[in-house]
Amino acid sequence: MVGQRFISLLEDHPWFEVAAVAASPRSAGMTYEEAVEGRWKMDTPIPEAVRKMKVMNVMDVENVCAQVDFVFSAVDMSKEEIRAIEDRYAKCETPVVSNNSAHRWTPDVPMVIPEINPEHFQIIETQKKRLGTKRGFVAVKPNCSIQSYTPVLTAWKEFHPTQAVVTTYQAISGAGKTFKDWPEMKGNVIPFISGEEEKSEVEPLKIWGHIEGDAIVKAQSPIITSQCIRVPVLYGHTAAVFVNFAGEKKPDKDLLIRKMEEFSGLPQKLQLPSAPKQFIRYMREDNRPQVLADVDYEHGMGISIGRLREDKIFDYKFVGLSHNTVRGAAGGAVLCAELLKAQGYLD
């Protein structure tokens with residue numbers, strides 16, 4: 001599904017064009033239309049520029065590399081296989097911008113939300129030395145479920161959040177499914193998503209970390225504990241978040257809202273094609289954000305926050321919403337690639 005979202009988002013992109021599509025050997029030699037027949041999950045049709053494109057074998061690294069300047073990676077393999085294939089592309093002097101989780105904890109691989117930690121791309125030079133490359137590297141984007149609360153905690157960094165309790169209510173497209181594929185999810189809730197809680201608790205710490213020598217060292221706080229629940233929604237991950245701050249005096253609510261609404265980063269400064277004009281919006285209605293009404297905010301690249309209020313046990317609580325296959329997956333990777341190009345890592 002993320003691969004299909006990449007194809008859709010790259011249609012008419014002002015900087016990038018799809019020059020090749022590669023997949024498993026069973027799809028190699030088919031047209032893209034044939035390869036996804038009966039499995040196209042997007043609301044819009046297959047882009048005409050890609051429809052008749054012959055699918056290449058992803059394992060035929062040298063031939064794929066000869067066709068492209070860099071690759072987006074969203075493959076269904078084991079983590080060991082993904083690390084191996086992404087490293088092969090990088091060593092073939094073809095940069096990899098990955099949606100996969102396999103390389104997120106490789107010490108010299110940057111895991112970036114472009115508005116938050118673009119400086120982590122500087123570790124690429126160290127990674128190139130390890131790989132023995134002049135141009136090739138791997139960069140990744142983080143897990144989709146953290147997008148609806150990590151930007152908020154970043155906007156509040158000066159108030160020193162120390163603890164966060166997060167429950168995410170995650171759409172079925174996060175598992176690559178639609179209701180047609182997964183009819184048993186209609187009217188159902190599943191209180192377990194494999195590996196998701198660990199990612200939700202530790203990936204923000206790498207994003208907030210710093211480069212030290214040849215590695216990105218994760219931050220030590222805030223401490224995050226999470227539960228991740230699959231709910232009968234097609235697109236959109238919702239988070240219910242409780243936060244404590246350092247110090248005896250709570251920050252003022254209006255100040256917290258202003259910090260969210262004013263928060264922006266390098267993508268906004270550079271006016272990158274996929275960057276939302278306003279990254280975080282605060283919704284003052286009691287019943288917002290809602291998935292059906294708000295998931296496509298800023299074409300799916302913005303974050304919607306609501307219901308910020310004081311809590312009896314924690315300092316504050318709020319609800320966040322992000323589009324899991326756009327900002328949380330393919331769109332976040334496209335924005336990473338745009339920033340990499342703007343900074344000279346992609347030529």
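**Close-up 1. Strand 12 and strand 13 form a hairpin in this predicted model.** Five residues lie between the two strands. Strand 12 covers residues 303-310 and runs antiparallel to strand 13. Five bridges join the pair. Within this pairing, G306 stands opposite V319 of strand 13.

**Close-up 2. Strand 10 also pairs with strand 13.** Strand 10 spans residues 237-245. Seven bridges join strand 10 to strand 13, and the two run antiparallel. Here the bridge partner of A240 is V319. V319 is thus a shared reference point for two views: A240 is its bridge partner from strand 10, and G306 stands opposite it from strand 12.

**Close-up 3. Strand 13 is largely enclosed by the rest of the structure.** The strand runs over residues 316-322. Seven of its seven residues are buried, so the surrounding structure largely encloses it. Y316, F318, G320 and S322 point one way. K317, V319 and L321 point the other way. Both sets are buried, K317 included.

**Close-up 4. Helix 5 spans the length expected from its residue count.** The helix has 13 residues, 79-91. At 1.5 Å a residue it should span 18 Å, and its end C-alpha atoms are 18 Å apart, so the two values agree. Just after the helix, E93 takes a positive phi of about 65°.

**Close-up 5. Buried residues of helix 5 pack against helices and strands.** I82, I85, E86, D87, Y89 and A90 are buried. The helices contacted by the buried residues are helix 4 (61-65) and helix 6 (124-131). The strands are strand 3 (71-73), strand 4 (96-98) and strand 5 (138-140).

Technical notes:
Residues numbered from 1 in each chain as written. Predicted model: local features only at pLDDT ≥ 70, side-chain atom pairs only at ≥ 80, totals over all residues. Heavy atoms only, no water. Buried < 20%, exposed > 50% of the residue type's maximum accessible area, 1.4 Å probe, protein only. Helix = DSSP H or I, 4+ residues; strand = E, 2+ residues; numbered from the N terminus. Pairing = 2+ DSSP bridges. Expected span 1.5 Å × (residues − 1). Contact = heavy atoms within 4.5 Å.
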